[in-house]
Amino acid sequence: MAIKLEMLRCFTAVAQRGSLAEAADQLGRTPSAISMMLKQFEENIGAPLFETERKSRLTGLGQHILDQAVQALQHFDGTVGEMLSYARSESGSVRLAAVPSVASAVMPDVIRDFIRGRPGVHIDLRDLDSIAVAHELARGRIDVGIANLVGEGGDIVGEPFLSDRFGVVCQPAHSLVGHREPLEWHTLADHDFIANGSCLQIQSSEFRSVLEGSRMMVRNNTSLFSLIRAGIGITVLPELTMRGIDDVAFLPLADAGARRQVGILRSARAAPTPAVSAFLAALRAIRTEFQEI
């Protein structure tokens, strides 16, 4: 008969308690059942493990086996606990990349609520532009991407997350700030325009002519805002990008269709782990708050 895990638990309980009755109470078994399993264990070992029938003192062999049994049970219980924790999304990792505006304005609250009660989950958050997010997803370097919902297909699947309007960004003293009505695209044609990755989403043919006349493309928002503050030009950005920025102007556009669509992106080739699935669920649970900013 093979040695079973239940035999190790039975023997360990008796050895540590020093009594069949106390071991039975601990394991929720009857003393007779404990006695029978202990007898089977000793038969498998081929030698007595206790010096007396009272089970109060171990033999030298019994002490050695107790030490090994305790280690084996701790390892087994720890492994089972880790498997269950992983399955319940209480451990594991989530590799996440988001466009900077979402990373700074949305992700802190999402991550704070997600990690509460999940001390074993590791979060790796990077802020990247949309092209880089898709690049990292395609190469399996991240699990979830939050980026512009364009260029989706092939190995990447996406779903809507949020939508925000575009507006003109310029110095507070810029001449465009004096306009009382939302700005038409043609009003931008006489000003130095700085292109950026986000504005490539805008499909208006009128805006395309503005974009084609630009002499600069700046993909990093920190650098972009520095150029705006320096009076080098104007740009167009989504409204969420402006959170926390109060030293430049954000002017409304007349084109109501000029909106950024941000999606939740993931690889079509990789099945999400329990932790990643739980994080996706957390994102879906709050997206109604951001669908129309």
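A residue counts as buried when its relative accessible area is under 20%, and by that criterion 40% of the 293 residues in the protein chain of this predicted model are buried.

**View 1. The whole protein chain, with its overall dimensions and its helices and strands.** The protein chain of the predicted model holds 10 helices and nine strands, and its C-alpha atoms fill a box of roughly 100 × 35 × 30 Å when taken along the principal axes. The radius of gyration is 32 Å, whereas a compact globule of 293 residues would have a value near 19 Å. Of the contacts with a separation of 6 or more, 67% are accounted for by residues 24 or more positions apart. The chain exposes about 15400 Å², and carbon and sulfur atoms supply 50% of that area.

**View 2. The packing of helix H2 against helix H3.** Helix H2, which spans residues 20–27, packs with helix H3, which spans residues 31–45, at an angle of about 105 degrees, and the axes of the two helices lie 8 Å apart. Because angles of 65 to 115 degrees count as roughly perpendicular, H2 is described as roughly perpendicular to H3. On the H2 side the contact is made by Leu20, Ala21, Ala24 and Leu27, and on the H3 side by Pro31, Ile34, Ser35 and Leu38. Sorted by class, the residues in this contact of H2 with H3 are seven nonpolar and one polar, with no charged residues.

**View 3. The surroundings of Leu137 in helix H7.** Leu137 is found in helix H7, which covers residues 130–138, and with a relative accessible area of 1% this leucine is buried. Once the neighbours within four places in sequence are left aside, Leu137 is in contact with Ile142, Asp143, Val144, Gly145 and Ile156, and also with Leu265, Arg266 and Ser267. As a reference distance across the model, the C-alpha atom of Leu137 is separated by 49 Å from that of Thr12, a residue 125 residues apart from Leu137 along the chain.

**View 4. The surroundings of Asn221 in helix H9.** Asn221 belongs to helix H9, which comprises residues 221–229. The relative accessible area of Asn221 is 19%, and because the criterion for a buried residue is a value under 20%, Asn221 is classed as buried. Apart from neighbours within four places in sequence, the residues in contact with Asn221 are Pro100, Leu237 and Thr241.

Technical notes. Residues are numbered from 1 along each chain as its sequence is written. This is a predicted model: local features need pLDDT of at least 70, side-chain atom pairs count only at pLDDT 80 or more; totals for chains, interfaces and linings use all residues. Side-chain values use heavy atoms; hydrogens and water are left out. Axes are lines fitted to C-alpha atoms, for helices over the stretch in contact, and angles run from 0 to 180 degrees between N-to-C directions. Helices (H or I, at least four residues) and strands (E, at least two) are DSSP runs, numbered from the N terminus. Angles under 35 degrees count as roughly parallel, over 145 as roughly antiparallel, 65 to 115 as roughly perpendicular and the rest as oblique. Contact means heavy atoms within 4.5 Å. Ala, Val, Leu, Ile, Met, Phe, Trp, Tyr, Cys and Pro count as nonpolar, Asp, Glu, Lys and Arg as charged, and the others, Gly among them, as polar. The radius of gyration is taken over C-alpha atoms; the globule rule is 2.2 Å times the number of residues to the power 0.38. Buried means under 20% relative accessible area, exposed over 50%, partly exposed in between (1.4 Å probe, protein chains only). Accessible areas come from the Shrake-Rupley method with a 1.4 Å probe; for residues, only the protein chains shown count as cover.
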